Amino acid sequence: MKSLLGSIALVVVLLLALLALRLCAYSVGENDIVIITQFGRPIGQAITNAGLHFKLPLVQETHHMDSRIHEWSGQAVAMPTRDKLYVTVDTFARWRIADPLLWFTRLRDERSALSRMDDIIGSEDRNEVANNDLNEIIRTDSHRKPVIDPSQGDTEPGETNASPLPAIKLGRSAIEKEITQAAAAKLKEFGIQLIDVRFRRINYSPSVTDQINSRMIS
């Protein structure tokens, strides 16, 4: 009888020990950032060292975040250029959590971060497109040279088969950098490091397409 009671007591002690370990211990992965809150408020610094860590049971909670680079993908939006031609711009970006405590206090989760980036990057997209002509948006940079078409036959000395490209000041690559810099300064206030912003796709409106086709035919 005593041995049975002793075995039961041992099992109870082991279960209590496992429960206490479960309440006190937590693991941090290689790509994890962990914030500890006590009664809902962050305490200490963000924890990034992978391995087993401990906290006070019941009063402290863990909040895990991903330290890797994330993608933001915006909605394709129609917007006017400076020369009053509408284009549909589809933009994407790469970002990461740079200040975990600031991120946690201002945003809490990734959904809120993506919503904030919709507003900020979308606004900078519209500003830059509105401040530049269509040629600036679609040309990669100002150093591009026209390609000579050999099928057009021989030319006279001093002539070229290539049509001159309209002069531009910036080009798409420089405009993307300006969007990145402007949006990054605003997103820094939320603990976000904006790494890069790029145009995934730029589609012409039907009126612009008609103009381009007419120019190609002429």
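The protein chain exposes about 14300 Å² (Shrake-Rupley method, 1.4 Å probe). Carbon and sulfur atoms supply 54% of that area. This is a predicted model: local features need pLDDT of at least 70, side-chain atom pairs count only at pLDDT 80 or more, and totals for chains, interfaces and linings use all residues. Residues are numbered from 1 along each chain as its sequence is written, and side-chain values use heavy atoms, with hydrogens and water left out.

**Confidence**
- The chain averages a pLDDT of 84 (the predictor's confidence in each residue, from 0 to 100).
- A score of at least 70 is reached by 77% of the residues.
- Over residues 154–159, pLDDT stays under 50.
- For residues 154–159 the model has 2 contacts beyond four places in sequence (contact: heavy atoms within 4.5 Å).
- Where pLDDT is low, the predicted coordinates should not be read in detail.

**Whole chain**
- The secondary structure comes to 6 helices and 9 strands. These are DSSP runs, numbered from the N terminus: helices are H or I with at least four residues, strands are E with at least two.
- Of the 218 residues, 28% are buried (under 20% relative accessible area, 1.4 Å probe, protein chains only).
- Take the contacts between residues at least 6 apart in sequence: 69% of them join residues at least 24 apart.

**Helix H3**
- Helix H3 covers residues 110–130, which makes 21 residues.
- Its expected span is 30 Å (1.5 Å times one less than its number of residues). The end C-alpha atoms are 30 Å apart, which agrees.
- The buried residues of H3 include Ala113, Met117, Ile120, Ile121 and Gly122. Glu124, Asp125, Glu128 and Val129 are buried too.

**The sheet of E3, E2 and E5**
- This open sheet has 3 strands in the order E3-E2-E5, with antiparallel pairing (two strands pair if DSSP finds at least two bridges between them).
- Strand E3 (41–47) and strand E5 (60–66) are the edge strands, and each pairs on one side only.
- Neighbouring strands of the sheet are turned by 25° against each other on average, direction ignored (axes are lines fitted to C-alpha atoms).
- Strand E2 (residues 32–38) pairs with E3 in the antiparallel sense over 4 bridges.
- Glutamine 38 stands opposite arginine 41 in E3, and threonine 37 has proline 42 as its bridge partner there.
- The hairpin of E2 and E3 has 2 residues between the strands. In this hairpin, phenylalanine 39 takes a positive phi near 55°.

Notes: Buried < 20%, exposed > 50% of the residue type's maximum accessible area, 1.4 Å probe, protein only. Axes fitted to C-alpha atoms, helices over the stretch in contact; angles between N-to-C directions.
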